[in-house]
Amino acid sequence: MDNIVVIGKIQESTEKSIDIEYEAASGIRTIRLPRALVGRLENLGDGRTALLVNIDDSEDGELIGMHMGSGPHAPLHVDEDNLRIVEAMEYGEDIMNNEERNDETPQWNTAGPSISVGDQVVAQADTAGPFDAAFLSGGRTKHAAVNWDFTPVKKPALVIMDEEAKDGMVLDRVARVNLEDGEPAAYHIFNPDYQSEKRPAGAYLGTFTKQYYPMPYREGFGPFLELAAQNGWDCKPLAYKEGKRADLFCDVTSSIDWDNIGDSTRGDGLVKTGDYRIGFVIKNSLDGSSSFKVQAIAMRLACSNGMVVGSASTIIKLKHTQNTLKGYDFGKLASKIDAVIQLAKQEIVAVEGLRGVDITRDTFDRLMTICESKGLITKPTVTRNERGDVTGLTRGYMWRVLGSGWTKPAEDWVAVEPEDAGTLYHVYNILTGAVTHKPEWTDGKQVLKGRVLAMDAVSDKLSTVHTLIKGVATGKIDLENVTPFSELIV
């Protein structure tokens, strides 16, 4: 067999492989395919992607051919439309025809066990995401990831009414919560993956009016996963809190033209792909806590500190309405993602420019006052004796950590070179490192670890740090008349 055509849903993408979920004779399968074997990739426009896999005499090729060439793991193509796509893929023809396409959601059989072959045939598949070191640091790995590719269930809200029967017994009657016109007043949203005897409807995600559309994560993430598969980007979705929230992290570093990122940074530490990873994160929710939005992000490799650059809501913002992304123009999508990449590049240039802005300990003390006003740090608790003298300081985790980062710039969560110590670049990495990693602080008597922040809180704080430091660098924030934080404590 020379090739195999697989039609399914992209689950994950890396620079070396593509994970795709497809329908086989035995049910749903997920396979990891090396990019070297993928001869053609076509987006079908209905949430599915077609891959032409070349079966050669390499170890990976032989293994994939053995698993998928025939038997229970072979792709199942039964309807006329799929058969036409397979033929077009094999003969190098246009997959679209002049007839009206059937864009109904494919009917999947009961899921069976998954297989993973190709890039990591023997070793266990690497489940790490492209920005895990930054955004899943600081204790956030404790939030177990759950299946993100489910279809939420929307049901009208019901109440139990007590009614007295003729014999005097009280009977329970279930009634729908309605508006004055008789239409449902509210709907409950559930994740059916968690159906059980105690939770027959599944995990409860939230209650909304009839206008709310619980968009499946596949609708929002699918086009980006397909785009990542086409461009060889490392892209991984992550859902948590039983499916209430989901993020899609995508690393586009391989597409960055580092030679044209800005001559002003040459000689100042920006060494092509060795200093930063650039990408974007897509945030979405099914509990009403977040709209569908895209943020430009970056990670400094020396310390794995996260960076959130730009506005969280203006890069891309899509409504929770039906068919928002279905049939989305990929030319427009690509141009928007390119804008995200360009923004991230510009902001990295700005961060690198902070190396040339010297800052004194006194200025840093004043900056911490601004940090408190922005909700980044809090004052420690002061204890006094009967005369009013200060006898001790407790708590104040972030204040103490920032002070430690200032005096110890070589700490792995700060990781700045000696020549950059005492600069605004140093301060930037102190703040992003403290937010990202939550390093432990101790004076030998007390130990402070700080509380684990939710992923949204991390993103918000990193965005605040970026805006704050950029404001100081450009002069929009004047620290000259700001009271030092140390004076406010006592």
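Strands here are DSSP runs of E of at least two residues, numbered from the N terminus. With that in hand, open the predicted model and begin at a strand.

**Stop one: strand β8.** Select residues 170-176, which make up strand β8, and pick out V174 within them. V174 has a relative accessible area of 55%, and it counts as exposed because that value is over 50%. Now add L158 and I160 to the selection: together with V174 they make a nonpolar surface patch of about 320 Å².

**Stop two: R48 and D46.** Next, show the side chains of R48 and D46, which form a salt bridge with an N to O distance of 3.0 Å. R48 has a relative accessible area of 6%, and D46 has one of 15%. Both residues are classed as buried because these values fall under 20%. This pair belongs to a set of ten salt bridges counted in the model.

**Stop three: helix α2.** Select residues 80-91, the span of helix α2, and find D81 and R84 there. Their side chains are joined by a salt bridge, with the closest N and O atoms 3.0 Å apart. The two positions are three residues apart in the helix, so about one helical turn separates them. D81 and R84 are both buried.

**Stop four: strands β12 and β13.** Move on to D247 and K283, whose side chains meet in a salt bridge at 3.7 Å, N to O. This one connects distant parts of the chain: D247 sits in strand β12 (residues 245-251) and K283 in strand β13 (residues 276-285), with the two positions 36 residues apart in numbering. D247 and K283 are buried. For a case with more than two members, select E352, R355 and D420, which are joined into one network by salt bridges that share partners.

**Stop five: the nonpolar cores.** Select W233, F280, L367, L402, V427 and I469: in the largest nonpolar core, which has 93 residues, these touch the most other members. Then colour helix α8 (residues 424-437), which supplies eight residues, the largest share of this core.

Which residues does V427 contact, leaving aside its neighbours within four places in sequence? Display I359, F364, L367, W406 and I469 around V427 to see them.

Finally, select V5, I85, V86 and M89. These are among the ten residues of another core, which lies apart from the largest one.

Notes
Residues are numbered from 1 along each chain as its sequence is written. This is a predicted model: local features need pLDDT of at least 70, side-chain atom pairs count only at pLDDT 80 or more; totals for chains, interfaces and linings use all residues. Side-chain values use heavy atoms; hydrogens and water are left out. A salt bridge is a side-chain nitrogen of Lys or Arg within 4 Å of a carboxyl oxygen of Asp or Glu. Buried means under 20% relative accessible area, exposed over 50%, partly exposed in between (1.4 Å probe, protein chains only). Helices (H or I, at least four residues) and strands (E, at least two) are DSSP runs, numbered from the N terminus. Patches are made of residues with over 30% relative accessible area and no salt bridge: like charges are joined within 9 Å, nonpolar side chains (Val, Leu, Ile, Met, Phe, Trp, Tyr) within 5 Å. Accessible areas come from the Shrake-Rupley method with a 1.4 Å probe; for residues, only the protein chains shown count as cover. A nonpolar core is a set of buried Ala, Val, Leu, Ile, Met, Phe, Trp, Tyr and Cys residues joined through side-chain atoms within 4.5 Å. Contact means heavy atoms within 4.5 Å.
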